[in-house]
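Student: Please take me through this structure step by step. I would like short questions and short answers.

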Amino acid sequence: MSADDLTKRLREALDRDDAIRLLRAAIGRDSITGNEANVVSLLRDEMVSRGVENVKTADFLPGRPNVWGERKGAGGGHRLQFIGHTDTVHVDGWREHWAGTEREDPFAAPIIDGQIWGRGSGDLKAGICTSLAALSLLDKAGIRLKGDLAFAFVGDEESGQPGTGISAGIKDYAARIEAGEIERPDFVVYTEPTQLAVYSAQIGFFIADITITGKSAYFGVPELGKDALKASHAVMSALWKHSDEIAARGEHPLIGRGFLLITGLTGGGFIAVPEECKLSLIRKLLPGESLDNAATEMEAVIRGAIADPEIKVEIAYPAGRDHRVGGSAAEIDPNLPAVSMLCASVAQSFAGRGAIEGAPFWSESPFFVNRLGIPAVYCAPGDIRNCHTFEEHVDIEEYLAGIVAFASFMARYCGVAE
């Protein structure tokens with residue numbers, strides 16, 4: 001069967017109503033980080049009803065489960081993994097923003113002008129539902145695979161809720177692969193929203209919280225104090241210079257240049273020499289950059305900017321992911337046959353899509369690429385630019401085209417059993 005014939009056959013078999021129902025049901029389950037169980041119960045039932053085998057759930061933290069399963073093929077093909085996170089960011093202010101409109105309920109999933117709205121629609125329930133609906137589409141089209149399909153939906157990817165957002169879900173899942181409890185895939189599609197581009201590279205990052213402590217003194221005798229605000233100004237000037245130096249080192253063809261961005265400053269005193277100031281920053285890393293080296297380098301810049309030994313500096317890294325200080329960058333060869341095959345499957349399903357690009361965000365592919373040595377990309381319907389906002393929505397035609405594309409890729413990569 002030619003690629004064009006395969007795509008045509010899948011388009012004709014697509015159950016649009018079932019696919020839309022699935023996504024609206026998933027959006028309808030509030031799964032703000034910490035509440036993943038609310039949508040995992042739905043996904044477990046959907047996986048079972050769609051013929052996913054060996055469906056299992058297990059808590060990665062108390063009351064917070066992952067869910068995973070597989071569809072065994074006839075034999076002789078590759079094993080392909082689809083994975084996405086079940087949690088979403090908060091909905092603070094959503095109802096007030098959309099009060100009196102059909103968008104008011106962030107979990108109602110209204111259809112407006114050919115789009116499905118709601119928290120988690122793009123990030124990333126559309127991706128999860130695309131993968132499950134693609135399996136159903138293969139069945140409806142009468143296509144049986146040689147290779148295996150694996151599905152896993154994990155929690156704790158998003159940050160922002162107290163005590164959460166450390167990738168605890170995928171850490172648990174990756175450990176099960178390492179232990180041999182779950183079979184290793186040959187290739188992974190992580191269903192972050194890409195507007196159906198294929199992201200073969202992503203940024204790395206760390207967040208640093210810096211506390212600069214001096215000594216307070218009455219404004220009339222400032223010589224008795226140690227000015228933390230003045231020291232903070234020196235530190236910020238040095239950090240901005242450091243950022244320029246980082247950016248000048250080179251540019252990655254898919255994700256641009258590295259840099260450092262100061263994101264917050266608080267401090268000061270009341271008619272007194274400021275005793276304490278706090279800075280926050282985020283550092284963008286390119287593939288190949290060491291998080292340890294980048295953090296050490298930044299710390300040297302900060303400490304070198306403060307001449308007075310009596311002014312103290314403390315530096316904390318609150319967002320450790322696959323590394324103690326943050327999340328590592330990752331990339332795979334964009335010319336791998338699997339990547340080319342996925343790009344072609346998308347392009348045939350939705351004209352103008354399927355280009356190779358880089359992720360301007362951090363998500364969890366490094367657990368596969370760097371930790372497990374398994375090639376992984378991001379690809380799914382949805383636009384990252386409207387995610388985490390009051391505008392979050394997914395275009396229905398893009399979503400349906402994604403289902404056809406994923407089903408086509410499943411058949412081409414895993415092989416079709418005669």
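Tutor: We will look at a cavity, a helix and two single residues.

This is a predicted model, where local features need pLDDT of at least 70, side-chain atom pairs count only at pLDDT 80 or more, and totals for chains, interfaces and linings use all residues. Residues are numbered from 1 along each chain as its sequence is written, and side-chain values use heavy atoms, with hydrogens and water left out.

Student: How much space lies in the largest cavity?

Tutor: A cavity is a set of points on a 1 Å grid over the protein atoms alone where a 1.4 Å probe fits but cannot get out. Points are joined across faces, edges and corners, and the volume is the space filled by probe spheres set on them. The structure holds one cavity of 30 Å³ or more. The space in the largest cavity is about 40 Å³.

Student: Which element gives the most to the lining of the largest cavity?

Tutor: Lining residues have an atom within 4 Å of a cavity point; they include Tyr 199, Ala 330 and Val 377. Elements giving two or more residues are β8 (198-202), β16 (330-331) and β18 (376-378). Strands like these are DSSP runs of E, at least two residues, and helices are runs of H or I, at least four, numbered from the N terminus. With four residues, the top contributor is β8.

Student: Is Tyr 199 buried or exposed?

Tutor: Tyr 199 lies in strand β8. Buried means under 20% relative accessible area, exposed over 50%, and partly exposed in between, using a 1.4 Å probe and protein chains only. The relative accessible area of Tyr 199 is 7%, so Tyr 199 is buried.

Student: How far apart in space are Tyr 199 and Val 377, C-alpha to C-alpha?

Tutor: In sequence, 178 residues separate them. Yet Tyr 199 touches Val 377, where contact means heavy atoms within 4.5 Å. Their C-alpha distance is 5.5 Å.

Student: Why are the buried residues of α3 on the same side?

Tutor: Helix α3 covers residues 37-49. Its buried residues are Val 39, Val 40, Leu 42, Leu 43, Glu 46 and Met 47. The arc is taken from the directions between the helix axis and the C-beta atoms. They share a side because their arc around the axis is only 160°.

Student: What does Val 221 count as in terms of accessibility?

Tutor: Val 221 sits in the loop between β9 (204-213) and α7 (228-247). Its relative accessibility is 30%, so Val 221 counts as partly exposed.

How values were computed:
On a 1 Å grid over the protein atoms alone, a cavity is a set of points where a 1.4 Å probe fits but cannot get out, and a pocket is an open set with protein on both sides within 12 Å along at least five of seven lines; lining residues have an atom within 4 Å of a point. The expected span of a helix is 1.5 Å times one less than its number of residues. Lists of a residue's contacts leave out its neighbours within four places in sequence.
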